[in-house]
Amino acid sequence: ALGLVAIIAVVHFAGGSRPVAALSEDAAMASMALEHSAFQPQHSVLCDRGRTALVFGTPQLPDEPKCVFGVVVQRGRKLVTRLITPEMIAGLTTQNGVIHLRLRDFTLPQITLALADDAARAACFETLDGYLDKVQA
């Protein structure tokens, strides 16, 4: 029992019990740019009270798809990034202002993105409209 208390104390004093800060739009874009050097982020939209972000941008390589966006998801203290292409999408639906994105990626198979702001929601839906057409075709 004393060993367990010692482990808990070490984790606490090492910062393991501090709350995780929400993402900022700049942090989401920086994370995408760092992880995917051929992607140039242009703007991002925060979702889920800053725990997830959609990052829109343009590919820098000529063989990259033209319709590209990224997703940044907080998993504990780590940021998981995915560059999303139409081929990766297994399903994309929207319902009551929430985007449900199913991916062909066993490490991140589904992402639910809740957008609180009506203007951001409308902009995201407009941008994602091309993806909806490609997935449903």
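This passage describes the nonpolar cores, one helix, an aromatic pair, a buried serine and a hairpin in a predicted model.

The packing of the interior makes a convenient starting point. The largest nonpolar core holds 21 residues, and those that touch the most other members are Leu54, Phe69, Val71, Ile99, Leu101 and Ile111. Two or more residues come from each of the strands β1 (39–47), β2 (52–59), β3 (69–75), β5 (89–95), β6 (98–103) and β7 (110–114), and likewise from helix α3 (118–136). A second core, separate from this one, comprises 10 residues, among them Leu23, Ala28, Ala53 and Leu83. In soluble globular proteins, nonpolar side chains tend to be buried together.

Ile99 shows what such packing looks like for a single residue. Leaving aside residues up to four places away in sequence, Ile99 touches Leu54, Leu92, Thr93, Thr94, Ile111, Thr112, Leu113, Leu115, Cys124, Phe125 and Leu128.

Aromatic contacts are quickly listed, for a search of the whole structure returns one aromatic pair. Its partners are Phe56 and Phe69, in a tilted arrangement with 6.0 Å from centre to centre and 40 degrees between the planes. Phe56 belongs to strand β2 and Phe69 to strand β3, so the pair ties together parts that are 13 residues apart in sequence. Both Phe56 and Phe69 are buried.

Helix α2 (residues 25–35) has Ala28, Met29, Ser31 and Met32 as its buried residues. Viewed down the axis of α2, these residues fall within an arc of 160 degrees, so they line one face of the helix. Asp26 and Leu34, on the other side of α2, are exposed.

Where does Ser44 sit, and what surrounds it? Ser44 is located in strand β1. Its relative accessible area is 7%, below the 20% limit, and Ser44 therefore counts as buried. With residues up to four places away in sequence left out, Ser44 touches Glu25, Ala28 and Met29, as well as Leu54 and Val55. The side chain of Ser44 also reaches the backbone oxygen of Glu25, at 3.2 Å.

Finally, strands β6 and β7 deserve a look. A hairpin of six residues connects β6 to β7, and the two strands pair in the antiparallel sense over five bridges. Among the residues involved, His100 has Thr112 in β7 as its bridge partner. In β7, Ile111 and Leu113 make up the covered face, whereas Gln110, Thr112 and Ala114 make up the uncovered one. In a regular strand the side chains alternate between the two faces of the sheet.

Notes:
Residues are numbered from 1 along each chain as its sequence is written. This is a predicted model: local features need pLDDT of at least 70, side-chain atom pairs count only at pLDDT 80 or more; totals for chains, interfaces and linings use all residues. Side-chain values use heavy atoms; hydrogens and water are left out. Buried means under 20% relative accessible area, exposed over 50%, partly exposed in between (1.4 Å probe, protein chains only). Helices (H or I, at least four residues) and strands (E, at least two) are DSSP runs, numbered from the N terminus. The arc is that of the directions from the helix axis to the C-beta atoms. A nonpolar core is a set of buried Ala, Val, Leu, Ile, Met, Phe, Trp, Tyr and Cys residues joined through side-chain atoms within 4.5 Å. Contact means heavy atoms within 4.5 Å. Rings of Phe, Tyr and Trp (its six-membered ring) pair if their centres lie within 6.5 Å; planes under 30 degrees apart count as stacked, over 60 as edge-to-face and the rest as tilted. A polar contact is a pair of N or O atoms within 3.5 Å; within protein, one must be able to donate a hydrogen and the other to accept it, and residues adjacent in sequence count only if both atoms are side-chain atoms. Two strands pair if DSSP finds at least two bridges between them.
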